[in-house]
Amino acid sequence: MKIVAVLLLFSLLSSCWPTSVSFKDKGSMPESWKTFSIKTLEINAANCPLSYSAALTEKLKDGIQNNTRLALNTRLGKGEVNIEGLISSYNVMPLAIQGNDNASQNRLTISVQFSIFVSEPKEDILNLTATRFADFSASTNLSTVESQLVDEISEQIVQDVINKLLSNW
């Protein structure tokens with residue numbers, strides 16, 4: 001009787017045993033994705049610095065390569081994942097209006113619309129609008145903090161794109 005119980009217990013435990021164990025996170029991207037390409041972002045925002053398009057495109061390339069298993073394909077449209085985008089908004093707005101109608105804080109907001117074209121495992125187009133902001137003191141001139149704020153916002157936008165790529169499709 002003990003032998004039957006041991007055999008039964010052994011068979012139950014062996015059916016639950018994992019077939020493989022790994023400490024490497026493969027993410028939830030399809031295995032067929034090996035490369036990506038990205039077209040330089042277009043600017044459709046009146047106040048956007050002209051250099052921002054190229055700077056954000058390079059940050060996206062670096063961020064995707066450093067945080068996913070995708071490699072950059074320099075031939076546009078030839079990756080399994082192809083990204084295009086449009087900087088649609090670059091605005092500074094006053095916040096926290098005080099009693100004398102002066103703002104104590106301003107907010108820089110940037111919006112980028114992305115189209116992500118996927119060719120593997122099946123063709124698909126995914127759209128993402130990333131809108132991020134950073135606040136700064138109204139007593140500070142934007143030109144003195146703009147590059148720092150733009151870097152901060154850009155990092156958040158890059159993370160939004162990476163999260164979209166790693167999310168369950």
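**Notebook: Val 145, the core and two local details**

I looked up Val 145 and, leaving aside its neighbours within four places in sequence, I find it in contact (heavy atoms within 4.5 Å) with Phe 136 and Thr 140. Val 145 is found in helix α3, where helices (H or I, at least four residues) and strands (E, at least two) are DSSP runs numbered from the N terminus. I count Val 145 as buried because its relative accessibility is 17%, the limit being under 20% with a 1.4 Å probe and protein chains only.

I note that this is a predicted model, in which local features need pLDDT of at least 70 and side-chain atom pairs count only at pLDDT 80 or more, while totals for chains, interfaces and linings use all residues. Residues are numbered from 1 along each chain as its sequence is written, and side-chain values use heavy atoms, with hydrogens and water left out.

Next I looked up the largest nonpolar core (buried Ala, Val, Leu, Ile, Met, Phe, Trp, Tyr and Cys residues joined through side-chain atoms within 4.5 Å), which has 36 residues, with Ile 110, Phe 114, Ile 157 and Leu 165 making the most contacts inside it. Helix α3 (142–166) is one of the elements that supply at least two residues each, and α3 gives the most, with 9 residues. For Ile 110, again without neighbours within four places in sequence, I list contacts including Tyr 52, Ile 87, Val 150, Ile 153 and Ile 157.

Finally, I checked the peptide bond from Glu 120 to Pro 121, which is cis with omega near -10°; Pro 121 has its place in the loop between β5 and β6.

How values were computed
Buried means under 20% relative accessible area, exposed over 50%, partly exposed in between (1.4 Å probe, protein chains only).
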